[in-house]
Number of protein chains: 2
Amino acid sequence: MKENKYDQLAFFEQYGKMDRSQKGLDAAGEWYLLKEMLPDFTGKNVLDLGCGYGWHCRYVMERGAQAVTGVDISEKMLQKASEINLLKGIEYKQVAIEDARFAPEVFDVVFSSLTFHYVQTFDVLLQNIYKWLKPGGCFVFSVEHPVFTAEGKQDWLYDKQGNILHWPVDRYFSEGQRNTTFLGEQVLKYHRTLTTYLNGLLKQGFKLTGVNEPMPDEEMLKNIPEMAGELRRPMMLLIAAEK
Amino acid sequence: MKENKYDQLAFFEQYGKMDRSQKGLDAAGEWYLLKEMLPDFTGKNVLDLGCGYGWHCRYVMERGAQAVTGVDISEKMLQKASEINLLKGIEYKQVAIEDARFAPEVFDVVFSSLTFHYVQTFDVLLQNIYKWLKPGGCFVFSVEHPVFTAEGKQDWLYDKQGNILHWPVDRYFSEGQRNTTFLGEQVLKYHRTLTTYLNGLLKQGFKLTGVNEPMPDEEMLKNIPEMAGELRRPMMLLIAAEK
């Protein structure tokens, strides 16, 4: 299902209040680690799948890319991107990731941030990305961690006083739809195992070059006390691969 | 700490009662998947780290290996291995994995089954294995999954009626010692994140060639009803890599 929650006004407004929407990349807890996995962008042709407000597109252009294509299903998101993150060389396209079509071997880098857990068919997507990449091209993406998506409610187990007990994992090998709550709205996500992500890349012909699970750095732990909970379970999975 | 629980009589006897001890590889739920990740052994020089009863050493020799070195810390285990799984070409050595020493580039394959979560220093081990392997050599191993080792008790959360609720994950990014119960005895294991296993291999120079999380196959689910629980959380992680 190609869900486009972001064009529903209430959800879009909630999303707009998140730090990572308003302040850009440095407000995203995983960015310090994700940016280390990115290649040199000088002169590169880059695709950003699920570009949202366009913060990554801007980052890539500012580091010398030749061109960036930002793809997103949401009209409202791309309007916002065009307002705040439109530089020469950036093109925003409104299309569902599943429906995006490009010529073979046109991109040096394909990037995606926290988008693929909304996409139903990962194997078809992998085939396409592999085809669109030039030989030697890089594919870097982040997704919600399988530990985070497995059970479905995406919440801790609490005791009667409201203290966190632990993170529940269940239904790990039952891949597919999870109905969860995000920003006060029902959102449809897709759980996949680690095997599906990593072995899927290997079977498609990619070479894995990096696998990371971000945890808060010392400064975050000092400044935002509730970040300590992020040491208790992995929330995101960052993967880098080469064609 | 180089723990050698297997030379304690009570533990050794309990271990000896496990299906995988008595019946060998086909009684191990993950074997159907792990064996698919192994290379052709014809004419190869193979190292098995934590060889136990020697079932894998025997398997490797029967598939045409030139020689297999089985390493284990436990005298009792190796006695048993010599009784039931000693073929020409197999040599068993009693030594802690951390203390094993071999000449550089002598092995075509390094294998290890469910042993590394007992070893404290994974990075040193990786350096050694990389050094001992010939260029192009294979490294295939299984460990308890980070989801399985994180919290520490290695047990489900149950309701008051004794029904399984879910698997608890906690302390994921706090790597290190876990005191857990196995076969009725306190056992010391080491929890590591997925990042430590996979990125550790990549940083050491290995190329990842396979990542799998075994789940029970249909026959197992039909014959052993409690196996259904194994679909609810990953218990093992199987990794294949090349030098």
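Two residues are taken to be in contact if their C-beta atoms, placed from the backbone, lie within 7 Å. The structure described here is a predicted model. On this criterion, the contact between the chains takes 29 residues from chain A and 29 residues from chain B. On the side of chain A that touches chain B, the elements giving two or more residues are β7 (164–169), α8 (194–204) and β10 (207–212) of chain A. The largest share comes from β10(A), with six residues. By character, the residues of this side of chain A divide into 14 nonpolar, eight polar and seven charged.

Strand pairing also crosses from one chain to the other. β7(A) is joined to β7(B), residues 164–169 of chain B, by three bridges. The two strands run antiparallel. Within this pairing, A:W167 has B:V169 of β7(B) as its bridge partner.

Each chain contributes a sheet. In chain A, an open sheet of seven strands follows the order β3-β2-β1-β4-β5-β11-β10, with mixed pairing. β3 (90–94) and β10 of chain A stand at the edges. Each has a single partner strand, so one side of each is left without a neighbour in the sheet. From one strand to the next, the twist averages 15°. Strands of a sheet pair through backbone hydrogen bonds, either parallel or antiparallel. At one edge, β10(A) pairs with β11(A), residues 236–242, in the antiparallel sense over five bridges. A:K207 has A:E242 of β11(A) as its bridge partner. β10(A) is also the element that gives six residues to the side of chain A that touches chain B.

A further pairing in chain A involves β8(A), residues 176–182, and β9(A), residues 185–191. These strands are antiparallel and share seven bridges. A:T181 is the bridge partner of A:Q186 in β9(A). The hairpin of β8(A) and β9(A) has two residues between the strands. In this hairpin, A:L183 takes a positive phi near 55°.

In chain B, an open sheet of seven strands has the order β3-β2-β1-β4-β5-β11-β10, again with mixed pairing. Its edge strands are β3 (90–94) and β10 (207–212) of chain B, each pairing on one side only. The twist averages 15° from one strand to the next. Inside the sheet, β4(B) and β5(B) run parallel and are joined by six bridges. B:V110 has B:F139 of β5(B) as its bridge partner. Helix α5(B), residues 75–84, lies across β2 (67–72) and β3 of chain B. This helix runs at about 165° to β3(B).

In soluble globular proteins, nonpolar side chains tend to be buried together. Here, the largest nonpolar core has 116 residues. Those with the most contacts inside this core are A:V46, A:V110, A:F139, B:V46, B:V110 and B:F139. The surroundings of A:V110 illustrate the packing. Not counting residues up to four places away in sequence, A:V110 touches A:L47, A:L49, A:I129, A:W132, A:L133 and A:F139.

Helix α6(B), residues 122–132, has buried residues B:L125, B:L126, B:I129 and B:W132. Seen down the helix axis, the buried residues of α6(B) fall within an arc of 130°, so they line one face. B:D123 and B:V124, on the other side of α6(B), are exposed. The cover over the buried residues of α6(B) includes β1 (45–49), β4 (107–113), β5 (133–144) and α8 (194–204) of chain B.

Two loop residues differ in their surroundings. A:F206 lies in the loop between α8 and β10 of chain A. A:F206 has 22 other C-beta atoms within 10 Å and therefore counts as buried, the cut-off being 20 or more. Leaving aside neighbours within four places in sequence, A:F206 is in contact with A:Y130, A:F139, A:L201, A:A241, A:E242 and A:K243. The C-alpha atoms of A:F206 and A:L238 are separated by 15 Å, and these residues are 32 residues apart along the chain.

B:Q161 sits in the loop between β6 (157–158) and β7 of chain B. B:Q161 has 5 C-beta neighbours inside 10 Å and so counts as exposed, the limit being 12 or fewer. Between the C-alpha atoms of B:Q161 and B:L87 the separation is 50 Å. Along the chain, B:Q161 and B:L87 are 74 residues apart.

How values were computed. Residues numbered from 1 in each chain as written. Chains lettered and ligands numbered in written order. Predicted model: local features only at pLDDT ≥ 70, side-chain atom pairs only at ≥ 80, totals over all residues. Helix = DSSP H or I, 4+ residues; strand = E, 2+ residues; numbered from the N terminus. Nonpolar A, V, L, I, M, F, W, Y, C, P; charged D, E, K, R; others polar. Pairing = 2+ DSSP bridges. Core = buried A, V, L, I, M, F, W, Y, C linked by C-beta atoms within 7 Å. Arc of directions from axis to C-beta. Axes fitted to C-alpha atoms, helices over the stretch in contact; angles between N-to-C directions.
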